[in-house]
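Work through the exercises below with the sequence and the model open. Each task is followed by a solution in steps.

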Amino acid sequence: DPYTEGHSQRVCNYALKMAEKLSWPKDEQEKLKKAALLHDLGKIGIPDNVLHKKGPLNDDEYTLIKRHEIIAVEILKPLKEISDILPWVLYHHERWDGKGYPHGLAGDAIPVASQIIAICDVFDALTTGRDYKAAFTLKDSLGEIVREKGARFNPKLVDVFTQII
């Protein structure tokens with residue numbers, strides 16, 4: 001859908017700025033680009049009435065949404081040339097404190113690329129309006145990212161993100 005396409009492109013742009021700031025080699029930046037663009041691919045396996053619901057999701061709907069990264073990996077798995085980025089896609093909803101999904105990974109057990117995508121993903125979701133919510137201001141969105149420093153997000157990567165914004 002048009003929103004997800006734009007969202008994925010913006011997440012990719014933020015992620016690449018972070019990778020550049022972190023002096024990642026060009027080949028790693030290229031892999032990050034692919035992972036960021038594909039991070040929400042699995043949403044094509046989520047029913048539209050759930051994906052575009054105007055209002056809060058119930059528990060069953062939220063359980064469906066939380067499968068999108070698993071669906072993405074299942075779709076991408078046959079493409080051997082990108083097999084090394086599959087964990088980056090799979091773990092973009094893990095949290096620094098271990099309270100994320102799909103596996104409850106914490107801290108450095110989460111690939112750094114997934115951690116980068118996570119910050120960029122949340123920031124873009126906050127700064128863009130959706131059917132069910134208005135966009136936050138840039139200041140409020142950045143404040144939310146900083147507030148989650150050390151809980152949802154890697155503190156060092158939050159610092160890098162605030163520098164690029």
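**Exercise 1. A loop asparagine**

Find the partner of the N154 side chain, and state where N154 lies.

Solution. The backbone nitrogen of K156 lies 2.9 Å from a polar atom of the N154 side chain. This is a polar contact (a pair of N or O atoms within 3.5 Å; within protein, one must be able to donate a hydrogen and the other to accept it, and residues adjacent in sequence count only if both atoms are side-chain atoms). N154 itself sits in the loop between α8 (138–147) and α9 (155–164). Helices here are DSSP runs of H or I with at least four residues, numbered from the N terminus. Leaving aside residues up to four places away in sequence, N154 touches W96 and Q115; contact means heavy atoms within 4.5 Å. N154 counts as buried because its relative accessible area is 11% (buried is under 20%, exposed over 50%, partly exposed in between, with a 1.4 Å probe and protein chains only).

The model is predicted: local features need pLDDT of at least 70 and side-chain atom pairs count only at pLDDT 80 or more, while totals for chains, interfaces and linings use all residues. Residues are numbered from 1 along each chain as its sequence is written, and side-chain values use heavy atoms, with hydrogens and water left out.

**Exercise 2. The span of α7**

Compare the expected span of helix α7 (residues 112–127) with the distance between its end C-alpha atoms.

Solution. The expected span is 1.5 Å times one less than the number of residues. For the 16 residues of α7 this gives 22 Å, and the end C-alpha atoms are 23 Å apart, so the two agree. As for cover, 13 of the 16 residues of α7 are buried. S114 is in this helix and is buried, because its relative accessibility is 0%. A polar atom of the S114 side chain lies 3.3 Å from the backbone oxygen of P87. Residues up to four places away in sequence aside, S114 touches P87, W88, Y91 and H92.

**Exercise 3. Enclosed and open space**

Give the volume and lining of the largest cavity, then those of the second largest pocket.

Solution. On a 1 Å grid over the protein atoms alone, a cavity is a set of points where a 1.4 Å probe fits but cannot get out; a pocket is an open set with protein on both sides within 12 Å along at least five of seven lines, and lining residues have an atom within 4 Å of a point. The largest cavity holds about 70 Å³. Among its 13 lining residues, E94, W96, I110, Q115 and R152 are closest to the centre. The second largest pocket has a volume of about 200 Å³. It is lined by 14 residues, of which D1, T4, D40, L41 and I44 are closest to its centre. α1, α2 and α3 (48–51) each supply at least two lining residues of this pocket, and α1 gives the largest share, three residues.

**Exercise 4. Backbone and surface**

Which peptide bond is cis, and what is the sign of phi at S23?

Solution. The bond from Y101 to P102 is cis, with omega near 15°. P102 is in the loop between α6 (86–90) and α7. Phi of S23 is near 60°, a positive value in a residue other than glycine. S23 lies in the loop between α1 (2–21) and α2 (26–38) and is exposed, with a relative accessible area of 61%.

Technical notes. Points joined across faces, edges and corners; volume = space filled by probe spheres on them.
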